[in-house]
Amino acid sequence: MNIIDAKIIELPKFLDARGNLSFIEENKHIPFKIERTYWIYDVPGGVARGGHAYKENQEFIVALSGSFDVILDDGETRKVFTLNRSHYGLYIPKGMWRQMENFSTNSLALVLASTKFDKNDYIYDYEVFKLAVE
Ligand code: TYD
């Protein structure tokens with residue numbers, strides 16, 4: 001996949017004096033059916049997570065709280081996306097090398113995934129990834 005297929009998607013947002021509300025519907029606000037949801041929290045300072053690619057899994061990541069960077073690489077081009085608001089998220093197509101870093105204190109990353117967890121879907125070696133996307 002090409003990095004231009006990765007994109008920030010703005011979500012619906014209801015601004016209200018009682019507090020704001022945003023939501024996501026599968027195959028509408030994001031281009032896949034949600035098979036799994038996970039979240040990353042209590043990340044110690046200075047830690048990088050997710051140095052890997054997925055062969056099939058697509059993801060949508062929202063910073064529900066705090067901020068962090070998602071670094072994407074399609075084997076040729078590298079791009080950094082900073083997520084720091086809960087009314088938008090980053091769509092990551094399959095076949096992207098991705099890393100997450102610069103987590104702020106108390107940051108909370110919500111991840112919606114298009115597949116069930118499958119260890120065999122991971123590519124952990126950057127050189128193997130490069131060969132796979134050539
Ligand atoms: P991993 O994907 O390596 O985390 P990150 O990409 O953020 O570094 O997952 C960490 C551990 O959690 C790993 O042992 C697999 C397990 N895990 C599941 O069992 N199910 C899941 O849906 C996810 C995302 C991870």
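Among contacts between residues at least 6 apart in sequence, 77% join residues at least 24 apart. This is a predicted model. Its chain has 12 strands and 1 helix. Two residues, Asp73 and Asn20, serve as worked examples below.

**Overall build**

- Along the sequence, the pattern runs β-β-β-β-β-β-β-β-β-β-β-β-α. The helix therefore comes after the strands, where a strand is a DSSP run of at least two residues.
- The chain has 134 residues and a radius of gyration of 15 Å. A compact globule of that many residues would have a value near 14 Å, so the two agree.
- Taken along the principal axes, the C-alpha atoms fill a box of roughly 50 × 35 × 25 Å.

**Surface and charge**

- Buried residues account for 43% of the 134 residues.
- The chain exposes about 7700 Å². Carbon and sulfur atoms supply 50% of that area.
- The chain carries 16 positive and 19 negative charges. The mean positions of these two sets are 5 Å apart.

**Asp73, in a strand**

- Asp73 sits in strand β7, which covers residues 68-73.
- Is Asp73 buried or exposed? Its relative accessible area is 10%, and buried means under 20%, so Asp73 is buried.
- Which residues does Asp73 touch, not counting those up to four places away in sequence? They are Ile3, Arg78, Met96, Trp97, Tyr126 and Phe129.
- With one of these, Tyr126, the contact is also polar: the side chains of Asp73 and Tyr126 meet at 2.6 Å.
- Asp73 and Ala53 are 20 residues apart in sequence. In space, they are 9.2 Å apart, C-alpha to C-alpha.

**Asn20, in a loop**

- Asn20 lies in the loop between β2 (13-14) and β3 (21-22).
- Is Asn20 buried or exposed? Its relative accessible area is 56%, and exposed means over 50%, so Asn20 is exposed.
- Leaving aside neighbours within four places in sequence, Asn20 is in contact with Phe14 and Leu15.
- Asn20 also pairs with Asp16: a polar atom of the Asn20 side chain lies 3.2 Å from the backbone nitrogen of Asp16.
- Asn20 and Ser104 are 84 residues apart in sequence. Their C-alpha atoms are 22 Å apart in space.

**The two side by side**

- Asp73 belongs to a strand, whereas Asn20 belongs to a loop.
- Asp73 is buried, whereas Asn20 is exposed.
- The polar partner of the Asp73 side chain is the side chain of Tyr126. For the Asn20 side chain, the partner atom is the backbone nitrogen of Asp16.

Terms used
Residues numbered from 1 in each chain as written. Predicted model: local features only at pLDDT ≥ 70, side-chain atom pairs only at ≥ 80, totals over all residues. Heavy atoms only, no water. Helix = DSSP H or I, 4+ residues; strand = E, 2+ residues; numbered from the N terminus. Rg over C-alpha atoms; globule rule 2.2 N^0.38 Å. Buried < 20%, exposed > 50% of the residue type's maximum accessible area, 1.4 Å probe, protein only. Contact = heavy atoms within 4.5 Å. Areas by Shrake-Rupley, 256 points an atom, 1.4 Å probe, with all protein chains shown as cover. Lys, Arg positive; Asp, Glu negative; His and termini not counted. Charge placed at Lys NZ, Arg CZ, Asp CG, Glu CD. Polar contact = N/O pair within 3.5 Å; in protein donor to acceptor, adjacent residues only side chain to side chain.
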